[in-house]
Amino acid sequence: MPAPGENLKINGDRLWDSLMEMAQIGPGVAGGNNRQTVTDEDAEGRALFQEWCEEAGCTMGLDQMGNMFAHREGTDPDALPVYVGSHLDTQPTGGKYDGVLGVLGGLELLRTMNDLGIKTKHPIVVTNWTNEEGTRFAPAMLASGVFAGMHTQEWAYDCEDAEGKKFGDELARIGWRGEEEVGARKMHAFFELHIEQGPILEAEGKDIGVVTHGQGLSWTEVTITGKDAHTGSTPMPMRRDAGLGLAHCLELVNQIALSHAPHAVGAAGHIDVYPNSRNVIPGKVVFTVDFRSPELEVIEDMESRFKDGAKKICDEMGLEVSFKKTGGFDPVAFDENCVTAVRNAAERLGYSHMNIISGAGHDACWINRVAPTAMVMCPCVDGLSHNEAEEISKEWAAAGADVLLHAVLETAEIVE
């Protein structure tokens with residue numbers, strides 16, 4: 001089958017204009033976006049995406065989790081489609097590109113094919129996955145998780161936000177709950193374009209990240225119990241300070257993660273201290289340890305060493321400690337053929353590139369369980385994401401979409 005010509009590229013200005021127009025929906029307070037899942041702003045963004053897809057000659061499918069599928073016909077009615085996409089929902093203080101680049105990059109791929117009259121054997125489908133962020137309704141990658149069989153639809157519908165509203169009810173309220181069975185679609189392959197959300201590509205001066213693996217994740221909720229006491233009148237040797245136990249455990253997390261450098265990471269981002277009063281020694285702390293690595297045995301080692309070490313710390317300090325696994329998923333190795341298609345595309349186009357491991361979770365990590373999958377990444381300024389100051393350049397966006405175009409066309413098989 002013929003490979004795409006090296007001069008074949010998307011319209012970078014049109015892609016950028018689409019990104020900027022979508023960013024006007026659900027604007028944030030500091031230049032980014034607040035377009036959280038299944039809100040009125042999400043519904044408005046979905047409607048604009050559907051309008052653009054229909055203008056590009058696509059038909060729109062919608063499943064019972066609100067996942068959107070813009071379908072462009074192929075020449076072989078029996079060939080499974082090649083899927084591309086990401087998500088349109090954002091963090092409460094999110095950027096303009098996280099997820100959105102992957103959806104609108106897919107749309108630009110179709111527009112470019114229309115401009116040039118390109119036909120493919122396999123249909124191409126651009127997807128907007130519902131609730132990738134998981135901020136309003138935990139967990140992240142909710143709808144792609146249902147699609148891949150990781151969660152039941154009933155369980156997902158019952159997920160509640162901070163106000164007690166259920167995901168299924170809110171999806172219906174905004175008018176984007178479809179009739180199609182979730183997960184019924186079969187894929188020839190899936191590609192996701194995304195900003196890196198880290199500093200490596202920019203620091204290395206590379207245009208493209210060829211994503212070979214996705215880090216696995218382990219979340220463990222830890223409760224340390226001591227005794228509340230007055231900070232001024234309790235002698236130091238008589239204290240059972242849960243806050244001090246927390247400090248030692250945080251240092252342990254850091255040491256363990258560093259022992260598996262450079263790819264493993266660890267931190268505690270969610271910490272609650274009780275009673276959280278200026279003049280009371282903390283009697284209890286609850287925190288979540290987040291360990292990540294592309295190797296399952298490393299995650300298991302970090303979990304085991306932390307539990308043993310934290311128990312030893314607390315025993316020596318007269319504190320009680322308990323552990324509860326609250327989330328996680330195994331590392332992902334993306335499909336070798338799809339990864340090769342991405343790498344071939346970058347080389348054909350002359351873009352500098354490097355292999356990279358995704359430190360964040362993405363819809364592609366779940367879809368990889370049911371279809372051959374790969375990811376394309378472009379740099380972002382200072383590695384900043386999940387922040388309204390998130391920024392990329394027009395050139396980075398275009399390069400990522402160019403590689404996506406070539407990888408998809410190679411996989412979908414151009415018909416001459």
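β10 gives the largest share of the lining of the largest pocket, six residues. The model is predicted: local features need pLDDT of at least 70, side-chain atom pairs count only at pLDDT 80 or more, and totals for chains, interfaces and linings use all residues. Residues are numbered from 1 along each chain as its sequence is written, and side-chain values use heavy atoms, with hydrogens and water left out.

**Pockets**

A pocket is an open set of points on a 1 Å grid over the protein atoms alone, where a 1.4 Å probe fits, with protein on both sides within 12 Å along at least five of seven lines; lining residues have an atom within 4 Å of a point. Grid points are joined across faces, edges and corners, and a volume is the space filled by probe spheres set on the points. Helices (H or I, at least four residues) and strands (E, at least two) are DSSP runs, numbered from the N terminus.

| Pocket | Volume | Residues nearest the centre |
|---|---|---|
| Largest | about 1300 Å³ | Leu217, Arg292, Gly359, Ala360, Gly361 |
| Second largest | about 180 Å³ | His188, Asn337, Cys338, Ala341, Thr411 |

The largest pocket is lined by 49 residues. Strands β8 (216-225), β10 (265-274), β12 (284-293), β13 (320-329) and β15 (353-358) each supply at least two of them. By type, the lining holds 20 nonpolar, 23 polar and six charged residues. Here Ala, Val, Leu, Ile, Met, Phe, Trp, Tyr, Cys and Pro count as nonpolar, Asp, Glu, Lys and Arg as charged, and the others, Gly among them, as polar.

The second largest pocket has 13 lining residues. β6 (189-195), α10 (336-349) and α12 (394-412) each give at least two. The largest share, five residues, is from α10. The split is six nonpolar, five polar and two charged.

**Two helices**

α10 has 14 residues and reaches 20 Å from first to last C-alpha, close to the 20 Å expected at 1.5 Å a residue. The expected span is 1.5 Å times one less than the number of residues. Its buried residues (under 20% relative accessible area, 1.4 Å probe, protein chains only; exposed is over 50%, partly exposed in between) are Cys338, Val339, Ala341, Val342, Ala345, Ala346 and Leu349. They fall within an arc of 155 degrees seen down the axis of α10, so they line one face. The arc is that of the directions from the helix axis to the C-beta atoms. The buried residues of α10 pack against β6, β7 (208-214), β15, β16 (373-378) and α12; contact means heavy atoms within 4.5 Å. Exposed Glu336 and Asn337 sit on the face turned away from the buried side of α10.

In α1 (residues 12-23), the buried residues are Gly12, Leu15, Trp16, Ser18, Leu19, Met22 and Ala23. They cover an arc of only 160 degrees, which puts them on the same side of α1. The buried residues of α1 pack against α2 (40-55), α3 (100-116) and α12.

**Backbone exceptions**

Most residues other than glycine have a negative phi, and most peptide bonds are trans. Ala138 and Pro139 are joined by a cis peptide bond, omega about 10 degrees. Pro139 lies in the loop between β5 (124-128) and α4 (142-147). Met141 is in the loop between β5 and α4. Its phi is positive, about 55 degrees, and Met141 is buried, with a relative accessible area of 5%. The bond from Ala261 to Pro262 is cis, with omega near 10 degrees.
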